[in-house]
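Thank you all for coming. I would like to walk through one model this morning, mainly its charged side chains, and I will give the cut-offs as we go.

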Amino acid sequence: MRSEKDQMTVGKEKSVVEIQFRDIPREQENIPGNLKQKEEKKEVFTKVVIRRLPPNLSKDQLEEQLSPLPSYDYFEFFPADQSLYPHLFSRAYINFKIPEDILLFRDRFDGYVFIDNKGQEYPAVVEFAPFQKISKKKLKKKDAKTGSIEEDPEYRRFLENYSCDEEKSMANPETLLGEIEAKTRELIAKRTTPLLEYIKNKKIEKQRIREEKREERRRRELEKKRQREEEKRKRREEERRKRKEAEKQRKLSDKDIKIKLLKKSDRDDDVDSDRMKDKSDIGETDRCKWEKAGGQMKSKDPKENITILVGT
């Protein structure tokens with residue numbers, strides 16, 4: 001029983017494997033022909049690079065040493081980059097039209113020794129380029145307007161204006177100057193935009209505000225000046241009035257002093273006159289007394305006579 005089961009399982013496995021292998025070619029057959037062609041095209045390498053060339057080698061010299069070259073459609077030479085010193089090497093890229101020519105070119109120049117002008121040897125290395133694509137030269141389309149400037153209306157207007165300008169140049173310079181100024185004024189008048197109008201109005205507004213401030217400042221200065229002059233005038237009048245009052249007071253005080261002095265002098269005179277009168281009266285009375293006595297009254301004491309004489 002086991003053997004029959006094993007045989008049945010082995011038969012099933014073989015049938016599965018056969019189905020899988022049979023399905024693989026069917027899947028390959030179902031792949032479109034374009035994809036197969038693309039894969040085949042991707043595998044073909046036609047672009048090679050020659051490395052480790054002498055740094056001072058030029059493109060013409062390289063072409064001369066590589067000639068004769070098989071047919072190619074791309075040749076690009078890159079000189080040595082001085083920033084990579086001391087590893088200074090030139091290189092060249094060539095794209096051959098026939099892939100079989102690559103083998104001949106490799107057998108010929110792989111390991112080929114290039115000698116520079118100083119006698120140094122540089123064995124070259126030929127290998128496939130990492131980047132197989134090449135730059136395509138774009139064909140420039142011919143401009144439809146080429147050679148049609150004579151028929152251009154703007155060019156014709158320019159010629160007409162230019163001829164008019166030449167005729168005007170022969171005229172009087174003063175008239176030309178006036179025309180130029182008129183044109184410039186017209187251009188300036190026409191050259192306006194909302195932004196320019198806004199800027200112009202803003203400028204006029206600023207100028208007006210500046211003029212108003214300047215006028216207000218001038219008015220305030222004039223007002224202050226008038227107030228200062230008025231204060232000075234009042235101060236001068238006050239000083240003049242005070243001076244007059246002081247002069248008047250001084251004159252009055254001098255007059256009072258004179259009057260007082262005069263009164264005092266008169267009083268003194270009156271007092272003196274009264275004293276003199278009194279003295280004269282006293283003398284008269286004493287004289288009368290002496291006369292009445294007739295010399296008969298004699299003092300017993302001589303001292304009394306002396307006092308009487310002194311009193312008189």
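Which residues are linked with Glu-205 in a network of salt bridges? The network is made up of Glu-205, Arg-208 and Glu-212, where a salt bridge is taken as a side-chain nitrogen of Lys or Arg within 4 Å of a carboxyl oxygen of Asp or Glu.

Before I go further, please keep in mind that this is a predicted model, in which local features need pLDDT of at least 70 and side-chain atom pairs count only at pLDDT 80 or more, whereas totals for chains, interfaces and linings use all residues. Residues are numbered from 1 along each chain as its sequence is written, and side-chain values use heavy atoms, with hydrogens and water left out.

Searching the whole structure gives 15 salt bridges. One of them pairs Arg-51 with Glu-127, with 2.5 Å between the closest N and O atoms. This pair links distant parts of the chain, since Arg-51 belongs to strand S1 (residues 47-53) and Glu-127 to strand S6 (residues 125-128), 76 residues apart; helices (H or I, at least four residues) and strands (E, at least two) are DSSP runs, numbered from the N terminus. Arg-51 counts as partly exposed because its relative accessibility is 26%, and Glu-127 is partly exposed with a relative accessible area of 35%. For these words, buried means under 20% relative accessible area, exposed over 50%, and partly exposed in between, with a 1.4 Å probe and protein chains only.

In helix H7, Glu-245 forms a salt bridge with Arg-241, and here the closest N and O atoms are 2.7 Å apart. Why are these two residues separated by about one helical turn? Glu-245 and Arg-241 are so placed because they are 4 residues apart in helix H7. Glu-245 is partly exposed at 40% relative accessibility, as is Arg-241 with a relative accessible area of 38%.

Let me turn to an acidic residue without such a partner. Asp-116 sits in the loop between strand S4 (113-115) and strand S5 (121-123). Asp-116 is buried yet has no salt bridge, and the nearest side chain of opposite charge, that of Lys-118, is 6.4 Å away; in this count Lys and Arg are positive and Asp and Glu negative, while His and the chain ends are not counted. What lies 3.0 Å from a polar atom of the Asp-116 side chain? It is the backbone nitrogen of Gly-119. If we leave aside neighbours within four places in sequence, Asp-116 is in contact with Pro-54, Asn-56 and Tyr-122, contact meaning heavy atoms within 4.5 Å.

Arg-91, in strand S3 (residues 90-96), brings us back to Arg-51. Beyond its neighbours within four places in sequence, Arg-91 has contacts that include Ile-50, Arg-51, Leu-53 and Glu-76. Arg-91 is also partly exposed, with a relative accessible area of 30%. Measuring from C-alpha to C-alpha, Arg-91 and Pro-55 are 8.9 Å apart in space, although 36 residues apart in sequence.

Finally, the surface. Leu-195, Leu-196, Tyr-198 and Ile-199 form a nonpolar patch there, with about 420 Å² of accessible area together. Within this patch, Tyr-198 is found in helix H7 (residues 194-293), and Tyr-198 counts as exposed because its relative accessibility is 52%.

Note on methods: Patch = residues over 30% accessible without salt bridge, like charges linked within 9 Å, V, L, I, M, F, W, Y side chains within 5 Å. Areas by Shrake-Rupley, 256 points an atom, 1.4 Å probe, with all protein chains shown as cover. Polar contact = N/O pair within 3.5 Å; in protein donor to acceptor, adjacent residues only side chain to side chain.
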